[in-house]
Amino acid sequence: PLIEDAKVSLNSGNTVTITVKEKKLVGYQSEGSGSIWFGNGEQTTIDDSNRQIVAALPKLIGFSDKELLKKVSAALNEIDDSILQQISTISVYPLRYDAHALLVHMRIGSYFVASYSNLKILNDYFTIYSQATDKTKCLWGTSKDQVAYTAACPWEQKESDTATAVTNVSYWYDAEGNVYVARNEEEVRSKYNLDSTVELKQ
């Protein structure tokens with residue numbers, strides 16, 4: 001299931017050339033038996049034959065909408081593999097003005113807030129991040145000309161701010177620094193498929 005295409009060519013001198021094109025891996029989900037997602041929108045079940053590659057992929061969290069996940073997968077297909085390996089998690093993070101906003105948690109501990117349509121900015125993430133004067137803030141993507149800017153992260157903003165998150169929700173954190181959005185802890189565990197062994201704090 002990891003191979004997208006294979007071609008066999010007969011060359012002069014009776015030599016054979018085999019060309020194999022692998023599907024691009026863009027992320028995985030841990031719900032149920034677990035799934036690996038490809039850049040073409042397809043998925044395959046995690047098993048012993050592919051389990052070792054999951055560690056290098058972004059974990060996809062909170063995607064109950066499979067059509068959204070396919071769009072995100074297609075967007076991640078445009079991201080360099082070297083950047084994908086630096087992403088820890090990608091979570092659905094609804095904002096007041098964008099119910100399908102995404103929160104990208106980088107392995108260095110920083111955050112990027114965007115929609116699937118401007119995830120391509122991630123290809124320039126570390127260039128932009130290196131120029132940020134306040135690295136405690138989030139990087140926000142915009143749809144205009146693939147521009148990004150730094151601003152307070154949504155969980156740090158006041159309710160009246162433009163980029164504030166939807167109301168009546170709380171922000172929960174695990175030991176790895178992942179942020180979860182829900183109205184209460186029970187909803188967090190149900191929405192993100194977290195068992196009781198995962199410690200959560202507000």
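## Close-up views of a predicted model

**View 1. Strand 1 (3–10) and strand 2 (16–22) each contribute at least two residues to a nonpolar surface patch.** This is a predicted model, in which local features need pLDDT of at least 70 and side-chain atom pairs count only at pLDDT 80 or more, while totals for chains, interfaces and linings use all residues. Residues are numbered from 1 along each chain as its sequence is written, and side-chain values use heavy atoms, with hydrogens and water left out. The patch, of about 450 Å², is made by Val8, Leu10, Val16 and Ile18. Val8 has its place in strand 1 and is exposed, with a relative accessible area of 63%. Helices (H or I, at least four residues) and strands (E, at least two) are DSSP runs numbered from the N terminus. Patches are made of residues with over 30% relative accessible area and no salt bridge, like charges being joined within 9 Å and nonpolar side chains (Val, Leu, Ile, Met, Phe, Trp, Tyr) within 5 Å. Accessible areas come from the Shrake-Rupley method with a 1.4 Å probe, and for residues only the protein chains shown count as cover; buried means under 20% relative accessible area, exposed over 50%, and partly exposed in between.

**View 2. A salt bridge joins the side chains of Asp81 and Lys24, at 3.5 Å from N to O.** The pair links distant parts of the chain, with Asp81 in helix 2 (residues 81–84) and Lys24 in the loop between strand 2 and strand 3 (25–29), 57 residues apart. Asp81 is partly exposed, with a relative accessible area of 45%, and Lys24 also counts as partly exposed, at 21%. A salt bridge is a side-chain nitrogen of Lys or Arg within 4 Å of a carboxyl oxygen of Asp or Glu, and the structure holds four of them. Lys23, in the loop between strand 2 and strand 3, counts as buried at 16% relative accessibility, and its side chain is joined to that of Glu42 by a polar contact of 2.8 Å. A polar contact is a pair of N or O atoms within 3.5 Å; within protein, one must be able to donate a hydrogen and the other to accept it, and residues adjacent in sequence count only if both atoms are side-chain atoms.

**View 3. Helix 1 (residues 66–76) carries a salt bridge between Glu67 and Lys70.** The closest N and O atoms of this pair are 3.8 Å apart, and the two residues, three apart in the helix, are separated by about one helical turn. At the N-terminal end, Asp65 caps helix 1, with a side-chain oxygen 3.0 Å from the backbone nitrogen of Glu67. Leu68, Leu69, Val72, Ser73, Ala75 and Leu76 of helix 1 are buried; seen down the helix axis, they fall within an arc of 160 degrees (taken from the directions from the axis to the C-beta atoms), so they line one face of the helix. These buried residues pack against strand 3, strand 4 (35–38), strand 6 (59–61), helix 2, strand 7 (87–92) and strand 8 (102–106), contact meaning heavy atoms within 4.5 Å.

**View 4. Val113 of strand 9 (residues 111–114) is shown with its surroundings.** At 2% relative accessibility, Val113 counts as buried. Not counting residues up to four places away in sequence, Val113 touches Leu95, Leu102, Leu103, Cys138, Leu139, Trp140, Gly141 and Pro154. Val113 and Cys138 are 25 residues apart along the chain, and their C-alpha atoms are separated by 7.0 Å.

Note on methods
Buried means under 20% relative accessible area, exposed over 50%, partly exposed in between (1.4 Å probe, protein chains only).
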